[in-house]
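Biologist: Could you take me through one part of this model closely, in a single connected account? I would like to hear which residues meet there and how they are placed.

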Amino acid sequence: MTVIAGTAPVSISARLLGRILSGLVILFLLLDGAIKLVPWPVVTETMDRMGYGSSETLARSLGIITIVCTVLYSIPPTSILGAILLTIYLGGAMASHVQIGGPLFTHMLFGFYLGLMLWGGLWLRDRNLRTLISFRR
């Protein structure tokens, strides 16, 4: 039985665009995690409006989870695991906005937009992911 396995080539421009997209996602999520660690009043007030109460402990826990998953995403050997964990996290955020009836395009779908950038950046810069998820026949 012959198995033909090849890796999809990654051009310099695709790799650069992937790093830019991933960098933007990483910066945003690190900032998001950091403001939850403090936690600023806007964080606890928003959590209270979403039905989670104004717990500083919960805010700090979410901040730690966000930062840990983002660091996993930023390290190449663990980037796919980090992307999976961040996708789960963003899905929970989207579900929370659906529950309170937030605006569709700005609040509910923001996690979707961030997830597209997250996976798109990873796909553009990671040869192994391009092999796994190929759009060629």
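Modeller: A good place to begin is Gly63, which is found in helix H3. This is a predicted model, and in it Gly63 has a relative accessibility of 0%, so that it falls under the 20% limit and counts as buried. Once its neighbours within four places in sequence are set aside, Gly63 is in contact with Gly33, Lys36 and Leu37, and these three residues fall within the span of helix H1, residues 12–37. Leu31 can be placed relative to Gly63 as well, since the two are 32 residues apart in sequence and 9.4 Å apart in space, taken from C-alpha to C-alpha.

Helix H3, which covers residues 56–74, also meets helix H4, residues 79–100, and the axes of the two come within 6 Å and cross at roughly 145 degrees. The crossing in which H3 passes H4 is left-handed. On the H3 side the contact is made by Leu62, Ile65, Thr66, Cys69, Thr70, Leu72 and Tyr73, while H4 contributes Ser79, Leu81, Gly82, Ala83, Leu85, Leu86 and Tyr89. Sorted by character, the residues of this contact divide into 10 nonpolar and 4 polar, with no charged residue among them.

One of the H4 residues in that contact, Ser79, deserves a separate look. Ser79 has a relative accessible area of 1%, and is therefore buried, the limit being 20%. Apart from neighbours within four places in sequence, Ser79 is in contact with Leu72 and Tyr73, and also with Leu122, Arg125 and Asp126.

Tyr73 leads on to the nonpolar interior, for the largest nonpolar core has 13 residues, and Tyr73 is listed with Val25, Leu86 and Leu118 as having the most contacts inside it. The elements that give two or more residues to this core are H1, H3, H4 and helix H6, residues 110–125, and H4 gives the most, with 4 residues. Leu118 draws several of these names together: leaving aside its neighbours within four places in sequence, Leu118 is in contact with Val25, Tyr73, Ala83, Leu86 and Thr87.

For a contrast with the buried positions, one may turn to Ser134, which lies in the segment after helix H7, residues 127–132. Ser134 has a relative accessible area of 43%, which lies between 20% and 50%, and so Ser134 is classed as partly exposed. Ser134 and Trp123 are 11 residues apart in sequence, and their C-alpha atoms are 9.6 Å apart in space.

Definitions and conventions. Residues are numbered from 1 along each chain as its sequence is written. This is a predicted model: local features need pLDDT of at least 70, side-chain atom pairs count only at pLDDT 80 or more; totals for chains, interfaces and linings use all residues. Side-chain values use heavy atoms; hydrogens and water are left out. Axes are lines fitted to C-alpha atoms, for helices over the stretch in contact, and angles run from 0 to 180 degrees between N-to-C directions. A crossing is left-handed if the near helix is turned anticlockwise from the far one by less than a right angle, and right-handed if clockwise. Contact means heavy atoms within 4.5 Å. Ala, Val, Leu, Ile, Met, Phe, Trp, Tyr, Cys and Pro count as nonpolar, Asp, Glu, Lys and Arg as charged, and the others, Gly among them, as polar. Buried means under 20% relative accessible area, exposed over 50%, partly exposed in between (1.4 Å probe, protein chains only). A nonpolar core is a set of buried Ala, Val, Leu, Ile, Met, Phe, Trp, Tyr and Cys residues joined through side-chain atoms within 4.5 Å.
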